[in-house]
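Hi there,

Here is the structure I promised to pass on to you. Have a look at it first, and then read my notes below.

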Amino acid sequence: LLGLSADQPSTFHIPRALEESRLALDFATVAERVVQYSEIPVRQIMLRAIKQQGDVSLPAWVDKFVTADQKARGSLAATLRAYADTDMNFLQVAKALSVHPNLIYSRVQRIRDMTGQNAFSFHDLNELLLAIDCVEG
């Protein structure tokens, strides 16, 4: 397995290159043997840093959401991910999940009532997805 740093402008930046290489190596797998630091999504880098800190204190609504999502067999998180994957296109989410659009609307309203986060807003959707990723880690 191999982790590659981004190009560095001078030897002064060798310590930074070493850290980038180590991080890229952590993302390398048998299926993806060579990983370049510059190709790792920022979201993945952030989540890794959060997980390295150990126990992270998340807002109280996260536990409520996780419990409700488990009862719904993962359909709430799946709806949020599909909404993000379809560039927040409501009708495409319904089509992708093979459900009626009203059900998508109902799920998003349920999430809003439970968490105070409006998934129809980009920033709130991002908050919800980050929280899910932190918990699922």
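Helices here are DSSP runs of H or I with at least four residues, and strands are runs of E with at least two, both numbered from the N terminus. Counted that way, the chain has seven helices and two strands. Their order along the sequence is β-α-β-α-α-α-α-α-α. Please keep in mind that this is a predicted model.

First, the overall shape. The radius of gyration of the chain is 19 Å, whereas a compact globule of 137 residues would come out near 14 Å. Along the principal axes, the C-alpha atoms fill a box of roughly 55 × 30 × 25 Å. Of the 137 residues, 29% count as buried. The accessible surface adds up to about 9,000 Å², and carbon and sulfur atoms hold 53% of that. Among contacts with a separation of 6 or more, 51% are between residues 24 or more positions apart.

Now to the aromatic rings. How many aromatic pairs are there? With ring centres required to lie within 6.5 Å, the count is four. One of them joins Phe-90 and Tyr-105: the ring centres are 6.4 Å apart and the planes meet at 65°, so this pair is edge-to-face. Phe-90 sits in helix α5 (residues 90–97) and Tyr-105 in helix α6 (residues 101–115), so the pair ties together parts that are 15 residues apart in sequence. Both rings belong to partly exposed residues, with a relative accessible area of 24% for Phe-90 and 44% for Tyr-105.

Phe-90 also pairs with Phe-120, this time in a tilted arrangement, with 5.8 Å from centre to centre and 50° between the planes. Here the link runs from helix α5 to the loop between α6 and α7 (122–136), where Phe-120 is found, and it spans 30 residues. Phe-120 is partly exposed as well, at 28% relative accessibility. Taken together, ring pairs connect Tyr-83, Phe-90, Tyr-105 and Phe-120 into a cluster.

Lastly, something on the surface. Which residues form a nonpolar patch there? They are Leu-2, Leu-4 and Val-34, which together offer about 220 Å² of accessible area. Val-34 belongs to strand β2 (residues 34–36). With a relative accessible area of 45%, Val-34 is partly exposed, and a patch takes residues with over 30%.

Happy browsing, and do write back with any questions!

Best wishes

Note on methods. Residues are numbered from 1 along each chain as its sequence is written. This is a predicted model: local features need pLDDT of at least 70, side-chain atom pairs count only at pLDDT 80 or more; totals for chains, interfaces and linings use all residues. Side-chain values use heavy atoms; hydrogens and water are left out. Patches are made of residues with over 30% relative accessible area and no salt bridge: like charges are joined within 9 Å, nonpolar side chains (Val, Leu, Ile, Met, Phe, Trp, Tyr) within 5 Å. Accessible areas come from the Shrake-Rupley method with a 1.4 Å probe; for residues, only the protein chains shown count as cover. A salt bridge is a side-chain nitrogen of Lys or Arg within 4 Å of a carboxyl oxygen of Asp or Glu. Buried means under 20% relative accessible area, exposed over 50%, partly exposed in between (1.4 Å probe, protein chains only). Rings of Phe, Tyr and Trp (its six-membered ring) pair if their centres lie within 6.5 Å; planes under 30 degrees apart count as stacked, over 60 as edge-to-face and the rest as tilted. The radius of gyration is taken over C-alpha atoms; the globule rule is 2.2 Å times the number of residues to the power 0.38. Contact means heavy atoms within 4.5 Å.
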